[in-house]
Amino acid sequence: VNFFPDLTVELRDFCKSRLAISPWLIETGDRFDPAIFEILDLEAREYAASNIFEKDRIKIFGTLPIPERLFRTALYEIMSSTAVLLAHEQTGQLEVNEEHAKTAIQMVNNFIQKYDFATLLQIYGLVTSYENQNALAYYGLMPEREFLLGSWHRPWIDYNLSDELLLGVLMGNYQIVIKEGRRYVKLTDQGQENLKNTKKILKESGFLAHRLDMLHLFQFNLFDDFEKLAEELWPESMMLRRSFIDFTGIKPGMKVLELGCANGLLTFEGGLADRVGPEGRVISIDPSPAMIARAEAKRKELGIDWVEFYQGKAEELPFEDESFDAVIGFAFLHFTDCKSALEEMRRVTRYGGTIASFHPLKVNLNVPFFQEWFSPILELAAKRKEPPKDFLFHPEEVPEHFRRVGLKQVQHEEIISPAPFNQPEKVVQHYVQGLGWFQEELGELPWRARQEIIETLKKRGREVCNKFPKEELFMRWPAQRVKAQRC
Ligand SMILES: C[S@@+](CC[C@H](N)C(=O)[O-])C[C@H]1O[C@@H](n2cnc3c(N)ncnc32)[C@H](O)[C@@H]1O
């Protein structure tokens, strides 16, 4: 049996079809309403009982014994995860209704029709063994009980991992070790090798990026205090939004597309809607449904009818070519696949129209209080002998991307603004949990380790804020505004 079949195409399609495996990568603690569980569980049981054939058994397990329950479990987990993702994308909440559950079942069925059940199960096997092996590699030894319950690395499951443990041991990837009268699970050398291969496949197919994307969307969607914290922790941000609108050269009567609008801070308070005025039109999009709902509520309250909000991503703009006079966004580009986003921005801008972005740049982390406070994250990167992954741009990157997609007359300006770091809980909540700064570092850790680092950051933050004088507790945050003409 080839445990590393080339599933690149299928995995890409899996992500593109918005299917998911365990998107409860953040703590929700919630379980389904019994009626919803019933729908998903029944479907998984019935489908698994009647649709797995001898050729599938051989394709997946070869000569290994087959834990029959795995078929149902895999289907249930994919269907229920997809239902949560769907509910979340549509409503901004994690609550699944009957409609979501049924649509998720249909989505999974469509995928099976296109490929086959065995392929779906192989994808499930790859992803879950990545979660298991990654956790074992991180912890070294994991108490068998914790492994079985998934409590350190897959707390969202509602069954135990005995089948996966047995298979892992039989395949030579895991080993049971007894130490001081307790049983532990350990990754073997072969298991380490296996992890490298699994990770490579998941990375190259874009699955890990998709996983990170989901994590980010989940977190940002649940970020209720965004507006308040943004104002407190970045006091010059509103002034920067307003001067960005001047910088773009947008004029009354124009038709403007705004990307990454969140709850409408640039749209309304930042002055975009006022600048364009009732003779013009603003269309603002954001992938986060909860933020869009808040922006729409604001619009209604203000009684502004020339602004519209939609859910959407910069990389896939649902608009005709050359349909806007200007396409702009404030503090969103670093969350996107920059090249695809700019290509799309260029496509939907008319000839002679403007494309502009304001985005934060990489900040100097070599500041004593910060080094002490954020050392749990900085050490993760130091172990790899690399700078921490924080998705922020170097100053030359975005102007270069602008030129590469064929934009002309690229102008850019760099600006530094202070970011006070004297409120430890709020700093961690805003930057790490909300905006997902260092998400790539944290996203690779097992679930419990991620929670622990967040708690440690809050605790260290309190200590550091007591130790350093208040005037030293801020970062000088560089940002950049870039604009160009489509010609
Ligand atoms: C820091 S907020 C900035 C919000 C707002 N423009 C402001 O002025 O404060 C970043 C926004 O980018 C959105 N975002 C994330 N990924 C995106 C993508 N691929 N395309 C467009 N927006 C995205 C997030 O959902 C979030 O609302």
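This briefing covers the ligand site and one helix pair. The model is predicted. In it, 20 residues surround the ligand, and the protein buries 95% of the area that the ligand exposes when taken alone. Helices H5 and H6 pack with their axes 7 Å apart.

**Ligand surroundings**

- Among the 20 residues around the ligand, the closest are Arg241, Gly260, Asp286, Glu315 and Phe330.
- The shell around the ligand comprises 13 nonpolar residues, three polar residues and four charged residues.

**Polar contacts and burial of the ligand**

- The side chain of Asp286 has an N or O atom 2.5 Å from an oxygen atom of the ligand.
- In the side chain of Glu315, an N or O atom is 2.9 Å from a nitrogen atom of the ligand.
- Ala314 contributes a backbone N or O atom, which lies 3.0 Å from a nitrogen atom of the ligand.
- Taken alone, the ligand exposes 590 Å², of which the protein buries 95%.

**Packing of H5 and H6**

- H5 spans residues 98-114 and H6 spans residues 117-139.
- The angle between the two helices is about 115 degrees, and H5 and H6 are therefore roughly perpendicular to each other.
- On the H5 side, the contact is made by Val108, Phe111 and Ile112.
- On the H6 side, Phe117, Leu120 and Ile123 make the contact.
- By class, this contact of H5 with H6 has six nonpolar residues, with no polar and no charged residues.

How values were computed: Residues are numbered from 1 along each chain as its sequence is written. This is a predicted model: local features need pLDDT of at least 70, side-chain atom pairs count only at pLDDT 80 or more; totals for chains, interfaces and linings use all residues. Side-chain values use heavy atoms; hydrogens and water are left out. A residue is near a molecule or strand if one of its heavy atoms lies within 4 Å of it. A polar contact is a pair of N or O atoms within 3.5 Å; within protein, one must be able to donate a hydrogen and the other to accept it, and residues adjacent in sequence count only if both atoms are side-chain atoms. Accessible areas come from the Shrake-Rupley method with a 1.4 Å probe; for residues, only the protein chains shown count as cover. Ala, Val, Leu, Ile, Met, Phe, Trp, Tyr, Cys and Pro count as nonpolar, Asp, Glu, Lys and Arg as charged, and the others, Gly among them, as polar. Axes are lines fitted to C-alpha atoms, for helices over the stretch in contact, and angles run from 0 to 180 degrees between N-to-C directions. Helices (H or I, at least four residues) and strands (E, at least two) are DSSP runs, numbered from the N terminus. Angles under 35 degrees count as roughly parallel, over 145 as roughly antiparallel, 65 to 115 as roughly perpendicular and the rest as oblique. Contact means heavy atoms within 4.5 Å.
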